Amino acid sequence: MGDAPANIFAAVSAPASRTSELSLFVLAVTGAIFFVVFGLTIVAVVRFRRRDTDDGREPPQVYGSNQLETAWTVVPVLIVLVLALTTARVIQSIQGVTRPANAIDVIVIGHQWWWELRYPGLGIVTANELHVPVSDPLAPTPTWLTLLSADVAHSFWVPRLAGKTDLIPNRVNHMWIAPTAPGVYVGQCAEYCGTQHAKMLLRVYVHPRDEFERWAQAQRQGDPQVPSELDAVVAGRRVFESNACINCHSVAGTVGNGRYGPDLTHLMSRATLAAGAAPLSPETLRAWIRDPNGIKPGAHMPAMKLTEQQIDQLVQFLLTLH
Ligand code: CUA
């Protein structure tokens, strides 16, 4: 699955496909108006241009035509009515949907500058990379998103799946997606939320149903399988548990249960770190722990002033979190 570009005209999910169809319809109507008005303007300019034979007097002036006035009032009113009603119908078809019983529930919590993702029905907590099943248009299994914020206003936007919906402090917003094609769809926070707004990236992995079930199964396994014979891993876990890491991060089966930063229980199942700021690898992990600001200036994770040996051990531990 390669990265798909964030193209609003390449919709693969119901809300986005409906809005892009509507925008093409509006473009067609307004485009037709543009060509009619522009065409008539050109005809008038060419046909009634100033000629050498003009005698300098104005042509006869014509005032008042009830037929014309009626036509140019009624026709625009009808056009506006058509545009308003089709728009209202699309909004209703997106916002008026009640949650089907078989929907997947995900709580999305915006943080400066990352996404907390919780699947209350499945007992999964992850970050920045949303995994959902593909939805068959004939028997839809949409994903129902409940949008919250831990700090300031953010906005959830994955252009190929749905329009933007804001995450507002002290308010609960909802949206849904029903992607019909497997793949990776990229998005990002679409509401300025501070220094690293630009690096509040988002990836949505759409899986065939069985593949999604396997992912969910792997995420549900609570304790990471720490091979205890590896000294470096054990030492790394000790570094994690005896430093301030645990105040902000959770790893199931350890004393770390913080929620200020992303849950790391299945860290290595993700492709990126720091909400898409860098690909996830031992090297980027090391660089990130040594100096988060080097990758994401303004990030709320502090440099922990660990020794190089501690960083190596910590990375060895983190690499076991599949
Ligand atoms: Cu979060 Cu911009």
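**Strands S2 and S3.** I began with the pairing of strand S2 (residues 104–111) and strand S3 (residues 114–119), and I find that they run antiparallel and are joined by 5 bridges. I then looked up His111, whose bridge partner in S3 is Trp114. I keep in mind throughout that this is a predicted model.

**The sheet around them.** Next I traced the sheet that holds these strands, which is open, has 5 strands and follows the order S4-S3-S2-S6-S9, with mixed pairing. I noted strand S4 (124–127) and strand S9 (173–177) as the edge strands, since each of them pairs on one side only. From one strand to the next I have an average twist of 25°.

**Strand S5.** Is strand S5 (residues 129–133) enclosed by the rest of the structure or open to the outside? I checked burial residue by residue and find 5 of the 5 residues buried, so I record S5 as largely enclosed by the rest of the structure. The cut-off I relied on here for calling a residue buried is a relative accessible area under 20%. As for directions, I see Glu129, His131 and Pro133 pointing one way from S5, while Leu130 and Val132 point the other way, and the residues on both sides are buried. I also looked for the partner of S5 and found strand S11 (residues 201–207), with which S5 pairs in the parallel sense over 5 bridges. Within that pairing, I located Leu130 opposite Val204 of S11.

**Helices H1 and H2.** I turned to the packing of helix H1 (residues 14–47) against helix H2 (residues 66–95), for which I have an angle of about 175° and axes 10 Å apart. Because that angle is over 145 degrees, the cut-off for this class, I describe H1 as roughly antiparallel to H2. On the H1 side I listed Pro15, Arg18, Thr19, Leu22, Phe25, Val26, Val29 and Ile33 as making the contact, and on the H2 side Ile79, Val82, Leu83, Thr86, Thr87, Val90, Ser93 and Ile94. Sorting the residues of this contact by character, I obtain 11 nonpolar, 4 polar and 1 charged.

**Domains.** Last, I consulted the domain assignment of the chain, which gives domain 1 as 104–218 and domain 2 as 231–318. How far apart do the C-alpha centres of domain 1 and domain 2 lie? I have 23 Å for that separation, and I note that the contact takes 20 residues from domain 1 and 20 residues from domain 2.

Note on methods. Residues are numbered from 1 along each chain as its sequence is written. This is a predicted model: local features need pLDDT of at least 70, side-chain atom pairs count only at pLDDT 80 or more; totals for chains, interfaces and linings use all residues. Side-chain values use heavy atoms; hydrogens and water are left out. Two strands pair if DSSP finds at least two bridges between them. Helices (H or I, at least four residues) and strands (E, at least two) are DSSP runs, numbered from the N terminus. Axes are lines fitted to C-alpha atoms, for helices over the stretch in contact, and angles run from 0 to 180 degrees between N-to-C directions. Buried means under 20% relative accessible area, exposed over 50%, partly exposed in between (1.4 Å probe, protein chains only). Angles under 35 degrees count as roughly parallel, over 145 as roughly antiparallel, 65 to 115 as roughly perpendicular and the rest as oblique. Contact means heavy atoms within 4.5 Å. Ala, Val, Leu, Ile, Met, Phe, Trp, Tyr, Cys and Pro count as nonpolar, Asp, Glu, Lys and Arg as charged, and the others, Gly among them, as polar. Domain bounds come from an automatic or database domain assignment.
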